[in-house]
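Please open the model in your viewer, with residue selection and a cartoon representation at hand. The tour below moves from one selection to the next.

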Amino acid sequence: TLLVQEQRTSERVAGAVALRMGTVYESIDDAGRTQVLIKALTAGTEMYRPAELALRILAAGVRLESGAGPDLGQIAISGSREQTDQAIDLLAEVVLHPSFPDTAIEGTRRRALTAAAEEQESPLKAAYSGFLAAMYRGSPLERPVAGTVSGIADCRRKDVVALHQKLFVGENMAVCFVGNFDGKKVLAHLEKAFASAPRGERPRPSSGDPIPLGADTSVTAEREIRAACLAFGYPAPGNEDLPDHAAFKIIESYLASADRSPITFWLPQSGLATAVGVIYAPYPKRSSIAVYLAATPANAPAARDSVAEVMARLKTTPLDEGEWNTQLKRVQNGTFQNQNDPLARARAMSQFEVSGVGYDYLRRFEESLLSLTPESVRVAAERWLTHSVESTITPVKGESKL
């Protein structure tokens, strides 16, 4: 799919290629290998060796970046309008004809291993990993997006090449360019540059949907640490589910507000918890919303109860007028503040197109957002905040309870 949007007010141009890949499409045996692939992709191509590719990027004055999440990956390029043709050619060369040098594979594999290991070594991240495992049991999303050490450790160049051949096919890619250019000429250039994309089918999820929670679920592990770490949360709508997704962006903003939230502001202010944050997972279908925190063993129960009370109140009491107006404005500004940036727009359009909700998703999101009321947000909370998952990492029994 090729998308072009003229933006005459900008002196910049940007392009993005999005494709289905990531945790949803990985098995337990290869979990995390897409992270190696997406980072090694930009190291060199069949036409340009790593040093020459780096020089061409520098000479063209463009920036190239890549990354992957739970259900899609992106490779993006941005630069001045004068470099539009070069940007298209470089992006197509990197996406379709990577050389995957051995040094790049080994370097990205090591970094991916470090990221996967940190998911378990950090107590806070381990608590959230436990939350994911319970919330998404039976689906690939029960694993961290970074993958697993075992899935990455045996990854070799031949595995990355095979994965590229499987994923980087025409049926699985959306290419979008945005900027101050002639749209017809850019579209013709894109058709020529990406004409060599091989045929192939879209990848299928590696397993089914998560097993629905039948009751509140609690998981606990012990470590030789001094503080307790907690992740507590509920199911939530994915971005396909409008207007409930828009309602939960309001809820996320309210819970995460560093200057007024009863959780992320008041818990640290009261001394009950530290490192408090909120994660509304960017998953396509059923998602989740969770609060994570660290607290002394003595304060952990009170901190947990405070979080549970605030989230339960969302189901029964609408936000008051002042809070509503503040959070509505913040969500709207946060979503659309960068839409004059060609890179942000190209990323968004390609992302939403390849995920199946359509390149104009942000327009429909805004319509849904502006149609909400405090009561409709309360109703959405009541519908989704059903059975909770609580994942806790506690100090080993007998350790100091400071």
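Begin, in what is a predicted model, by selecting Val36, Lys39 and Ala40 in helix 1 together with Ala104, Ile105, Thr108, Arg109 and Ala112 in helix 4, since these are the residues through which the two helices meet. Sorted by class, this contact of helix 1 with helix 4 comprises 5 nonpolar, 1 polar and 2 charged residues.

Now widen the selection to the whole of helix 1, residues 33–40, and the whole of helix 4, residues 102–121, whose axes lie 9 Å apart and make an angle of about 135 degrees. Angles over 145 degrees would count as roughly antiparallel and those from 65 to 115 as roughly perpendicular, and helix 1 and helix 4 are therefore oblique to each other. If you turn the view to look through the pair, the crossing of helix 1 and helix 4 is right-handed.

Move next to helix 2, residues 50–60, and select Leu53, Ile57 and Ala60, which are its buried residues. Because they cover an arc of only 75 degrees around the axis, they sit on the same side of helix 2. To see what covers these buried residues, add strand 3 (63–68) and helix 3 (84–96), which are included among the covering elements.

Which exposed residues does the face of helix 2 turned away from its buried side carry? Selecting Ala51, Leu55, Leu58 and Ala59 shows them on that face.

Finally, step past the end of helix 2 to Gly61, the residue that follows this helix, where phi is positive, near 70 degrees.

Notes
Residues numbered from 1 in each chain as written. Predicted model: local features only at pLDDT ≥ 70, side-chain atom pairs only at ≥ 80, totals over all residues. Heavy atoms only, no water. Axes fitted to C-alpha atoms, helices over the stretch in contact; angles between N-to-C directions. Helix = DSSP H or I, 4+ residues; strand = E, 2+ residues; numbered from the N terminus. Parallel < 35°, antiparallel > 145°, perpendicular 65-115°, else oblique. Left-handed = near helix turned anticlockwise from the far one by under 90°. Contact = heavy atoms within 4.5 Å. Nonpolar A, V, L, I, M, F, W, Y, C, P; charged D, E, K, R; others polar. Buried < 20%, exposed > 50% of the residue type's maximum accessible area, 1.4 Å probe, protein only. Arc of directions from axis to C-beta.
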